[in-house]
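Trainee: I have a model open and would like to go through chain C with you. Can we take it piece by piece?

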Amino acid sequence: MAKHHVTATLNGNAVEFLCETQQTLLEVLRDELQLTGTKEGCGTGDCGACSVTVGGRLVCSCLVLGVEAQGKAIETIEGMAEGTNLHPLQRKFLEHAALQCGVCTPGILIAARSLLACNPDPTEEEVRYGLAGNLCRCTGYNKIISAVLDAAREMRGV
Amino acid sequence: MAKAAARVVLISSHSGHYTGGVKEFDIEAQTLHDVIKALDARYPGLGEHLEEETTVAIDGEIHEVGYYQPVRPGCEIFFIPKIEGG
Amino acid sequence: MDTKTIRPDEKALRIVGTRPVRPDGVPKVTGLARYGADFALPGMLWGAILRSPHAHARIRSIDSSKALALLGVKAVITCADFPEQKFEFVGPERVAINFWHTTRNIMAREKALYEGHAVAAVAAINARVADEALRLIDVDYELLPHVIDVDEAMQPDAPLLFEDMITRGVEPAPDRPSNVSKRIEFNIGDLEAGFAAADEIVEMRFKTAPVHQGYIEPHACLARFDADGQGEIWAASQGHFVVRALTARLLGMNIGDLLVHPAEIGGGFGGKTVVYIEPVAAALSRKTGHPVKIVMRREDVFKATGPTSGASMTVKIGVKKDGKLVAADGVFKFQAGAFPGSPVMNATMCGFAPYDIANVRSVGYDVVSNRPKSAAYRAPGSPISAFAVESALDTIAARIGMDPLKFRLLNAAKAGAPTVWGPKHAHDSYADTVQALLDHPAYTAPLGKNQGRGVASGYWFNNGGESSATVHVNEDGTVVVATGSMDIGGSRASMAIMAAETLGVEYEKVRAIVADTGSVGYTHLTAGSRTTFATGIAVVEACNKVILELRARAAMIWSVKIDEVIWEDGWARTAGKKPGTREPLSLKGIAAKRAVTGGPIGAEASVNAGGVAPGFASELCDVEVDPETGSVKVLRFIVAQDVGRAIHRSYVEGQLEGGAVQGIGWALNEEYIYDAAGQLLNAGFLDYRIPVASDLPMIETILVEVPNPNHPFGVKGVGEVNIVPAMAAVANAVNNAIGRRLTELPMSPPKVLAAIDAGSGG
């Protein structure tokens, strides 16, 4: 069975890859494109560690097929910083110690960025519900929530 | 009972296999190595078991089993099963 | 986030206790940090493991011919590819390893003992071919009756996992085999007399379901073998030296021929202190001559990696009218899973440990049953017995009309108090954690309808042990600190802080790395709350050696004796009556002269750290129970823990916050659900529901600091004890809210609703 040839945009750059029909976008990112920043925690869309955006929409990349990326703009954690300028969320996560083992962090950063894009001034409860699809086992979420609220403040210019 | 002796207690049932169930001893010693040697002289094989498979509490404070550990007269030494956490 | 420092009259510290950014932070927020599944090598094969679909079955034969014939398959292995191991218990008795069991857990031999038990493995050119090959392996199983629940496994007619298992620790030894691997008992005083003197007695039964550590990163590794028998492994683990030792033993090779690289680890909590896939990947690589990568699927993590035990417990407590505890008796039956080794001994020792009680008996049973072999989970065993003991204490305090915190204060163990396992307590600080809650305004804040408040306490030994560190001064005076401790939660930052503080230089001038097994001395697990303590001691010792060397070099440069040189705040200065006669020398200045004064400047220290201080924690939980659904919402949760001294304040808080939330999940929702055939129904994060952000309030932490005199900075281990009281705190809160005591975990909505519907009581 021949592989599919897919062209898309990845973190702002043109990209093309070959993939099998059943390969997920997560597998393509990690195994075909060597972008291992997006993590597999469960493979069934329950943990959010594989969060990316496709066409600006937050998705679990383990629930998206590689072929579905055709012609779309994909954003992963590797594209979140601009060169050496960390995104405010990334900086705040470091300041607030919002990561312990760090494996859920890429997914949470992507999800938080999407959340703030929709809702730049969320309450604590809105952040908690907005990130309810991202599991973290280490932190108990305290410092993640604080970091997101603090980043939101900075991004609003407050 | 010698005033200088330390009170040594083996609480692991595994240790009891070497000693036929005897658990408490008074041993004159200046270091833990002295204690281990004294016990091993009485019960061959016990020394290696204590070194490899136990942790020691000296006057309630937990230490790894080490030859150099000083033993003061009248102190209480418990050899307890080694601790592992998660 | 409050900190109470109990002994504030010490030398001011510059960096210890602050919150600098961790040195490994940027790679972790940009996706560049490499975890176990993130490695690849040219020519790499994908490994996959065939797992038993049956809970209990004899393996009559395995036919891998069809799998081997599949294009792209390079090897198929079974237990035949691992050397047999001698049957003997070695190592720490509390978590004794018997390699006869270990090798069978890695790859089944005579029997499959749980659904998910590895029976064969393949290496193939890609994951798809590997999975297809698994389907082509023919295993002839003879199904056997199975047993999972601990009480059922102890019944005389229960199916036996090992036909020759005779319970250890019983005199005389039983004449029939059973599933009880071991019985242990500790006692002090006179239990009968104690209860005879009691004015009030409660006796209660408790049951807990097994729970998984729930780390988000599944196990993953890459192994590579050379034709001369040397090998390399990249693995996410809580201890690469232990991975090296276990893998070498299981493959029958010299430890020195195996190099293990520490990948970053995506959570462990004790579950990654053992090996599952590393020996399999190594064996496949050795057989094929190619690197082999294995990544566990989430389903297999649930089905085949060690959760902690489910338990069945009875606790009996006796008190006087004035609140003084006079007797305590606990019987704790723990599920070990398919092979012996539950943490029941810890449970028997920790359950009553916070309290000064003269007459105590504590009995434990280690029971095998058809589930994955249990592995350590955060203060292993202690949270389970604490759930029972703290619930019983709460009940009896209410019975005599005494405030639960004041009850605990009255009975608090202090230095000199007995423990049930023998030695007297050497540390006082338990009472400080209770007092911290008593002093908190939340304790007397009013509660609304359907709301309740609960408190509980807990104890954990903490660990010391072997650690190594090397400290080198670079040519420009900056410093590298290399240790053998995997960084699970910010320990590189703590090592850098302790080194910078000791050397007297800025934090940013010291970089901490985690070295592989070939580059630093043996270092034991990042577990047991030992890392900041034991590896910290090694780091400080190495720094002190470096300081000695720096003074010697300065003495050489100045042509004076070394006694005339002191090291102060990062500078070598002349000592004595006329200070400042020479320009002080910094690390940079001395490093510039290193070649002429003897060469590179560095030192290593290896320690076997003792003088561990135990962990004490007391916790407060407020809940609101929905009377229509039985759903429990946590409104407030406070952890007061004696941390000795917080090296990096944020990461210490993080441990308390994280442990509390794991405990909340354990209390309210987490459990394994099996069908009649012993197969796991909820092998995924959807139905094995761990807490999510919207379930929780902000967890409040009170860092009680009673420094440990046996550590240069007063550190006490902090990672584990915070989970110990959590389930009881929640259970006591639920009881306070609905007037019904739930004695089974988890307290999921159907159970809470059933308790409410059963009518009020108390």
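Trainee: Which residue follows α8(C), and what is the sign of its phi?
Mentor: This is a predicted model, so take the angle as computed. Right after α8(C) comes a residue with phi near 75 degrees. That phi is positive, and the residue is Gly289(C).

Trainee: How many residues of α8(C) are buried?
Mentor: The helix spans residues 278-288 of chain C. Buried here means 20 or more other C-beta atoms within 10 Å. Among those that pass are Glu278(C), Leu284(C) and Arg286(C). The helix is mostly covered, and the count is 9 of its 11 residues.

Trainee: Why is β14(C) described as largely enclosed?
Mentor: Strand β14(C) covers residues 258-262. The rest of the structure largely encloses it, because the buried residues number 4 of the 5.

Trainee: What is the hand of the crossover from β13(C) to β14(C)?
Mentor: Start with the pairing: β13(C), residues 231-235, and β14(C) are parallel over 5 bridges. Ile233(C) sits opposite Val260(C). Between the two strands the chain passes through α7(C), residues 240-251. This β-α-β crossover is right-handed.

Trainee: Which strands stand at the edges of the open sheet with β20(C) and β21(C) in it?
Mentor: The sheet has 4 strands in the order β22-β21-β20-β26, with mixed pairing. Each edge strand has a single partner, so one of its sides lacks a neighbour in the sheet. The edge strands are β22(C) and β26(C).

Trainee: What is the bridge partner of Glu466(C) in β26(C)?
Mentor: Strand β20(C), residues 465-473, runs antiparallel to β26(C). The two are joined by 9 bridges. For Glu466(C), the partner is Asn608(C).

Trainee: Which helix packs on the sheet and touches β22(C)?
Mentor: Helix α15(C), residues 531-558, lies across β20, β21 and β26 of chain C, at about 145 degrees to β26(C). Another helix, residues 491-503, touches β20, β21 and β22 of chain C. Its direction makes about 140 degrees with that of β22(C). That helix is α14(C).

Trainee: Which element gives the largest share of the side of domain 2 of chain C that touches domain 3 of chain C?
Mentor: The C-alpha centres of these domains lie 34 Å apart. Domain 2 of chain C gives 22 residues to the contact, and domain 3 of chain C gives 20. On the domain 2 side, the elements giving two or more residues are α3 (99-106) and α9 (298-304) of chain C. The largest share, 3 residues, comes from α9(C).

Methods. Residues numbered from 1 in each chain as written. Chains lettered and ligands numbered in written order. Predicted model: local features only at pLDDT ≥ 70, side-chain atom pairs only at ≥ 80, totals over all residues. Buried ≥ 20, exposed ≤ 12 C-beta atoms within 10 Å, placed from the backbone. Pairing = 2+ DSSP bridges. Contact = placed C-beta atoms within 7 Å. Axes fitted to C-alpha atoms, helices over the stretch in contact; angles between N-to-C directions. Right-handed = clockwise from strand over helix to strand, strands pointing away. Domains from an automatic or database assignment.
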